[in-house]
Amino acid sequence: MKSTLILTLLCFATALSAQNNSPKNNSSTPQSETSISIRGIVMDSLARSSVQGATVSLYLKGNSRPYQGVFSGKDGRFSLTAKSREVSYLKVSFVGYKDKTVLISQKQLQTRNVYLGSIYLASTGIQLQTVNVTTNVPEVVVKEDTIEYNAAAFKVPQNAVVEDLLKRLPGVEVDKDGKITTTSGKEVKRVYVDGKRFFGDDPKMATKNLTAEIVDKVQVVDKKSDLAILTGVDDDDSETVINITIKKGMKQGWMGNLTGGAGKFLDNKQENDPRYNTSIMLNRFRDNNQFSLIGNANNVNNRASTDRGNNVRTGRGTAGSNGITTSNNFGVNWASELNTKLKIESSASYNYSDDYSNSKSFVQNIFSQNDSVSYKNSTSEGRSYSNNYAWEGRLEYTPDKNTTIRLGTNFSYNSSLSNSTSEQSTRAGDEDSTLVNSSDAENRLSSSGTELKLQLDGSRKLSDKGRRLSLSGTYSTNHSDGKGNTNSITNYYQATSLNEKLDQRSNSKSNRDSYNFRTDYVEPVSKNTFLNFSYTAQFNNTFNQRLTYDRDTTDTTSLTGKYDILNSKYSRNSETNTVNQSIRAAFRGQYTRYTYSFGIDVAPVHTKSKTYIKDWLGEGNDSILNVYKGRTTVNYAPQLEFVYRFDDKSKTDSTSVQGGSGTGERGGDLSSRRGYRGGSRNSLRFRYNGRTDQPSVTQLDPTPNNTNPLKISSGNPELLPSFTQRIAFEYSKFNIKNQSSINATLNLSFVSNDIVNYTTYIDSTGGQSTKPVNVNGSWNTSSSLMWAKPFGDSNRFRFSTQTNATYRNQVGFTRVDTTSVKNITRNLIINQGFNLSYTNDWFYGQIRAQVNYTNISYNLGSTNGLESYVYSLAYNTQITMPYSWTLSSDISYSANRGLSTGYNQDQIVWNAELGRTVLSKGYLSLKVTDIFRQSLNLSRSVTDNSITDTQYTALTSYAMLSFTYRFANIGGKGRNRRMNFQGGGGMEMGRPDGPPSMGGM
């Protein structure tokens, strides 16, 4: 009773004190001090795009000074929390726009959760009625760690998907397999939608299925790992990702497309082989909730998902992504904030593919300083079938403002079947081109594999100053099984006694289990400086088995003979255990103008392995071949990062500095990108770090892979992890006034214990075998420069240029018979590209030109300075015509020079599409591809001792008639009084253009 009385008196005293300290109120009604949330979005009234970095000031009644203020963040969103109901109005300002005042009524304040909707700012120097919306949208915006493209500046056909949009962005490259690389050469392996993962680590599910018409912006982001964002401690595991933001008008309900198309080849030789393309897309993006259902079936080389594969090696001649592909995929993606404490993301997908490939290749091998060169011609034909199932789930729980718990789960299963045939011959580099060997082979492999990963992260903020403790644990397991048959005949014309005929069956297994534990601690030294401590331990256990059996030709009881004679030459078991540790300490400072971090990382690695043949000495008795006792290596690497923002008019938004939390830092949460104000955004970033990379399962497996007797490969259980030191510079600038962007990068890396192939070549047979080994001396450097600027009347013209240069110094080893030599490959690649586009109300045209230059030099023999060029010129256009007709066309020319004889070919590929809107929601189109029937499928690859030119089967010209039905339920007739339901209950109503306003427009 006494405790209750004391508590009551304390509560009364606290309430009385709060009332006495509140602003004066002329009303007789007492004012509650309950927090009031005020939210909204700052928008450009002309372009209907978000404004980042706008100043949002909150004023109380009778006060001329702001009570509170923030900058608008990602998507122009802002959020304020007020303690007083004497709030009167908001004032929004930004350079180049008229100030906007928004009144807040007492009725709105009664709800305690005020949503003002979109607040539109008008430009100070442009009359609204004289400017076309699309011509005023900046094409590219550079923001320190992000390159942002406005989708409205790049018109695409109505049925285009996100991948079609990406292909038109300067500084972004998409190859024929859907692989995405940036202007600095980084590969994009993950796509986000509005800051949320979209189908986990399968970018194709977004780029090949989401329609381009729903995209507002495409952001290429240098993002830190999720764990680094959570803990506030960098782990050097950053990645380049793409974040797609959805147009505001598409985020109020359901929308989708349903497409069906049928066609035929225009080549009479294949007239009985029809083409088809069907797809369905259903999306609901609303507030912080997302739902997407995707389905796709086609035989026009649109592999709309990633084939995850497994660890069982498939051998030579199997069909891959080059050729003609039939693909079916289905997936569901869901992300939701169930309430203020619980967020859930989940996705499930299935994909099936049928790949056919027919290829020819020419290989030039360079083996010794005595000009020991050989040339190989080969042809292969293969077909493979695969099924993949994948599921990913993520849960984030924040029981209070200081604690975050994350649970992630990934599971995948795949199965595949492949059949292939191949022929090849090798000739010496002498004047007579002496025939050295030839072979014919047939291979068949069926395999399956499962992968499971569980990760639990927890982080607790221990003080308001930024003290934080984080713990993380990860378990992953990968299991693969395979069964294969190899039939081959190999003839050696200079050593006929070695002629070989193989008729074998093999059983393979590959298992890998990994355990990871990490702890991080952040100690604040001052308001803006922190000490970071981190310890990581990872345990990897790898098991590989390959048992190869020869057919018993003496068996008279079977027509084909049994495969029961174990061949020890091609059979191996291996077990490898590694322990990786990382001990790191760093000092970090975060300020408005600059941030820095420096420290040291100590990385001990312990490895041991065993190689044997299971049951070789009898049932239950193994034959031990090699035992490698434990070895420990220790790598030391300083860590340094510095970011400086030059323009003193530039200021980060309210999320830019979070002491030790990680949120809002460089590469942080995609849902809170840093905003700016002022005339330009100008920053320089420097980074130096070291990283240990483990050998792959295949690289550790010593079992020879004999599916190609002329090129046998095996692993090496003695491999040490490689250690790479990286130095990176990046400069970026965006001028808001003239909308020009500059992004420049310079990267250098030096590798210790680099994992390269040791190649053994036998002159008399022309055969070779490869095994990975550790070497020192490998390094590479790369640089890039992108510049973009609009010009002309109302910025209707847009110009950009990209320059990329890469130089690689690769060390390898080659042994010819008994002589071993060091081989150094120097590879220079320069790429220069230009983009020019023009747009108005009814026309869009874009020209893209590119030159690729490659120079390859070897220190072996006289094979130096091999040069090759690839020239390309492309033009695409969209024309809007009367009566709802549209015409889309893209034509490209490419020329190859400096390749092998027969591969220096030119091609002109022209695709065109004529479409018309029908039945208000339908779109009927006729598309013709490769009208001139010149499409080629060429590639060149370079290794430390060979150059390979390959031509694959290409999908020839076809015509397809398609119908697309679009549907949307984004508010209907009543959307001007739409209702937004928030987690935790409550209802908000408001006009889409915000509350009544004063000033501005």
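**View 1. Val56 and its surroundings in strand 2.** In this predicted model, Val56 sits within strand 2, which covers residues 55-60. How accessible is Val56? Its relative accessible area comes out at 0%, so Val56 counts as buried. Leaving aside residues up to four places away in sequence, Val56 touches Val42, Gln68, Gly69, Val70, Phe78, Leu80, Leu90, Lys91 and Val92. Take Val42, one of those contacts: Val42 and Val56 are 14 residues apart along the chain, and their C-alpha atoms are separated by 8.9 Å.

**View 2. An open sheet built from six strands.** Going across the sheet, the strand order reads 8-9-15-16-13-14, with mixed pairing. Strand 8 (140-143) and strand 14 (196-197) are the edge strands; each has a single partner strand, so one side of each has no neighbour in the sheet. Now for a pair within that order: strand 13 (residues 191-193) and strand 16 (residues 239-246) run parallel and are joined by three bridges. Looking for a residue to zoom in on? Val193 has Ile244 of strand 16 as its bridge partner.

**View 3. A nonpolar patch on the surface.** Which residues make this patch of about 730 Å²? They are Phe791, Phe797, Leu836, Ile847, Leu873, Tyr875, Ile891, Tyr893 and Phe932. Strand 42 (866-881) and strand 43 (885-897) each chip in with at least two residues of the patch. Ile891, a patch member, belongs to strand 43. With a relative accessibility of 31%, Ile891 is classed as partly exposed.

**View 4. Two aromatic pairs, one tilted and one stacked.** There are 29 aromatic pairs in the structure. For Tyr838 and Phe843, the ring centres are 6.2 Å apart and the planes are at 40°, so this pair is tilted. Tyr838 itself is partly exposed, at 24% relative accessible area. And how do Tyr869 and Tyr871 arrange their rings, stacked or tilted? Their centres lie 5.7 Å apart with the planes at 5°, which is under the 30 degrees cut-off, so Tyr869 and Tyr871 are stacked. Tyr869 has a relative accessible area of 28% and is partly exposed, and Tyr871, at 33% relative accessibility, is partly exposed too.

**View 5. A cluster of linked aromatic rings.** Here ring pairs tie several residues into a cluster. The Phe members are Phe587, Phe598, Phe642 and Phe646. Joining them are Tyr591, Tyr594, Tyr596, Tyr644 and Tyr731.

Notes. Residues numbered from 1 in each chain as written. Predicted model: local features only at pLDDT ≥ 70, side-chain atom pairs only at ≥ 80, totals over all residues. Heavy atoms only, no water. Helix = DSSP H or I, 4+ residues; strand = E, 2+ residues; numbered from the N terminus. Buried < 20%, exposed > 50% of the residue type's maximum accessible area, 1.4 Å probe, protein only. Contact = heavy atoms within 4.5 Å. Patch = residues over 30% accessible without salt bridge, like charges linked within 9 Å, V, L, I, M, F, W, Y side chains within 5 Å. Areas by Shrake-Rupley, 256 points an atom, 1.4 Å probe, with all protein chains shown as cover. Salt bridge = Lys/Arg side-chain N within 4 Å of Asp/Glu carboxyl O. Pairing = 2+ DSSP bridges. Phe/Tyr/Trp six-rings, centres within 6.5 Å; stacked < 30°, edge-to-face > 60°.
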